[in-house]
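Q: Please take a close look at one part of this predicted model and then set that part in the context of the chain.

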Amino acid sequence: MGKGAAEAAVTGTSFGWTPRKGFARVRRMMSQFPRARRTASQALLLCLAASSVVLPLRAQPGSAPSPAPRNPSILFILADDLGYGDLGCYGQTKIKTPNLDKLAAEGMRFTSFYAGSTVCAPSRCALMTGSHTGHGFIRGNAAAALRPQDLTVAEVLKQAGYHTALVGKWGLGNPNTTGVPQKKGFDEFIGYLDQTHAHDYYTDYLWRYDPPSPAKQGYDDRMEFPENRDGKKVVYLHDVFTRAAVNFMRINKPDPFNNYRPFFLYLAYTIPHANNEEGRRTGNGMQTPSDIPYSDQPWPQTEKNKAAMITHLDASVGVLMDQLKQLKIDDHTLVLFTSDNGPHQEGGADPKFFQSSGPLRGIKRDLYEGGIRVPLIVRWPSQIRPGTVNDQPWAFWDFLPTAAELAQVKPLPKCDGISLLPTLLGQPQTNRHDFLYWEFHERGFQQAVRMGDWKAVRPQAGEPLELYNLKTDLSEKENVADKNPEVVAKMEAFFKTARTESDLWPIKPAGAKQPGKKKG
Ligand SMILES: [Ca+2]
């Protein structure tokens, strides 16, 4: 596609930068109506707009018919390498996160929620496909791409009538593969495809997809940010993502024009991940436009930057919530916030400095709790009781069936997950996980299982299991395998059946070279 056409296409899309473009779109739609019908339509629109604000979801007696029952929109916000202890509402005392703390106070906070893996790509694969790492196609940070048969939550929601978008980091398919977002259920996309590219918060290009329509050309190409060329640091791409998300929600707000079509926005932010390349060059890979409000703290510069990144992320969540409220759709939008794995020790940052794992053992690349247990906050004011805390073990692969049930998809797609919609609605949750399973291929071959209060870790293939009782030993300090042979036997049996063999991810002995090190 020529650059001129590309730029023209960009201005008319859901990620357009100014509110005026949204209004211009409405005006263009209206101008296509014959004049006589336009006035009547405008009056009708005003009525519908008013009713969508005032009416609850069900029609009130004597009122005009309300829109057909509609499913909630979904805003899924993913942080990158944010630890279990990095948020105020999870015990953080130094890093300020007022907006996320408010989100938790207004919704449900999960204290035993797990990422799909302890690094990016397999974790995101589990999130998107509902398969844990014993069944998923992508089980490590290699340059693998999702295949046509790997059904994603975006495909499920799109088929259920949602308008879907990905803003931010993908990592499940590079250009010209079967795994690019537009082939995996996303109507629109702007962000990073490759994980190493996603380390650079001042990159001079992103990838972008916008589908063609009768009104405009599509777009499927790089989107340039010339301000950042030649190493200049002008546009912080995290902020581009926030603006794109805000614009997407405004333009795709369920309304009479789109027959109250709900949206699914997967907003995969990249902070507080380190810029590993910058870290190797300068010793400080915690890339942020400013260390405010921590400039005067007596902390190492990398830690000031890390704290500023997390507070910056928190402020962006505040912007998103303001937008939802301004659009008057926050009551009927399910907002989820979580992280793809535990805190990193990269770019000069020390995860111990802020106790980023909280009370948990381990960090990113560990299968101990600190590597995989992450915050999850869910807000849905019309349905979820504010200030609720849930300690049931759930994991990334539960999101697909939860979203599918929310979208009234029947039957629910087969996967490793369980819909936790009953829990969100305050109803009895009759089905729960017997086990949660992880495997990790970068350091030989490691496995972990959570079963009730028990946690088992196999440090290497062929080695005995370590066993911890999380109820009495949350920090996994005391291996009690010898004292609990029956539990170990049960775990061993499950380890044998939890996974399918994979040509891409074979079990290898300790020390064997594995694909995908230090990438995401
Ligand atoms: Ca990550």
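In which loop is aspartate 81 found? Please describe its backbone and surroundings, and continue from there to the core, the helix packing and the other loops.

A: In this predicted model, aspartate 81 is found in the loop that runs between strand S1 (73–79) and helix H4 (98–106). Its phi is near 70°, a positive value in a residue that is not glycine. Aspartate 81 has 30 C-beta neighbours inside 10 Å; because the threshold for burial is 20 or more, the residue counts as buried.

Strand S1 (73–79), which precedes that loop, also leads to the core. Leucine 267 is in contact with Leu75, Phe76, Ile77 and Leu78. Beyond its neighbours within four places in sequence, the other contacts of leucine 267 are Val167, Gly168, Phe241 and Ala245. Several of these names return in the largest nonpolar core, which has 124 residues. Those with the most contacts inside this core are Val167, Ala245, Leu265, Leu267 and Ala403. Both domain 1 (73–424) and domain 2 (436–497) give residues to the core, which therefore lies between them.

Ala245 also takes part in a helix pairing, that of H7 with H9. Helix H7 covers residues 237–251 and helix H9 covers residues 301–326; they pack at an angle of about 15°, and their axes are 10 Å apart. H7 is therefore roughly parallel to H9, since the angle is under 35 degrees. On the H7 side, the contact is made by His238, Thr242, Ala245, Val246, Met249 and Arg250. On the H9 side, it is made by His312, Ser316, Val319, Leu320, Gln323 and Leu324. The crossing of H7 past H9 is right-handed.

The loops on either side of H9 deserve separate attention. Tryptophan 299 is found in the loop between helix H8 (276–282) and H9. This tryptophan counts as partly exposed because 17 C-beta neighbours lie inside 10 Å. Apart from neighbours within four places in sequence, tryptophan 299 is in contact with Tyr294 and Lys304. The C-alpha atom of tryptophan 299 is separated by 9.1 Å from that of phenylalanine 353, although the two residues are 54 residues apart along the chain. Proline 293 also lies in the loop between H8 and H9, and a cis peptide bond with omega of about 5° joins isoleucine 292 to proline 293.

In the loop between H9 and strand S8 (333–339), one finds lysine 328. Like aspartate 81, it is a non-glycine residue with a positive phi, here about 60°. Its environment is described by 13 other C-beta atoms within 10 Å, and lysine 328 is therefore partly exposed.

A cis peptide bond also joins lysine 410 and proline 411, with omega of about -10°. Proline 411 lies in the loop between helix H11 (399–406) and helix H12 (421–424).

For the protein chain as a whole, the secondary structure comes to 13 helices and 15 strands. Of the 520 residues in the chain, 48% are buried. Among contacts with a separation of 6 or more, 64% are accounted for by residues 24 or more positions apart.

Terms used
Residues are numbered from 1 along each chain as its sequence is written. This is a predicted model: local features need pLDDT of at least 70, side-chain atom pairs count only at pLDDT 80 or more; totals for chains, interfaces and linings use all residues. A nonpolar core is a set of buried Ala, Val, Leu, Ile, Met, Phe, Trp, Tyr and Cys residues joined through C-beta atoms within 7 Å. A residue is buried if 20 or more other C-beta atoms lie within 10 Å of its own, exposed if 12 or fewer, and partly exposed in between; C-beta atoms are placed from the backbone. Domain bounds come from an automatic or database domain assignment. Two residues are in contact if their C-beta atoms, placed from the backbone, lie within 7 Å. Axes are lines fitted to C-alpha atoms, for helices over the stretch in contact, and angles run from 0 to 180 degrees between N-to-C directions. Helices (H or I, at least four residues) and strands (E, at least two) are DSSP runs, numbered from the N terminus. Angles under 35 degrees count as roughly parallel, over 145 as roughly antiparallel, 65 to 115 as roughly perpendicular and the rest as oblique. A crossing is left-handed if the near helix is turned anticlockwise from the far one by less than a right angle, and right-handed if clockwise.
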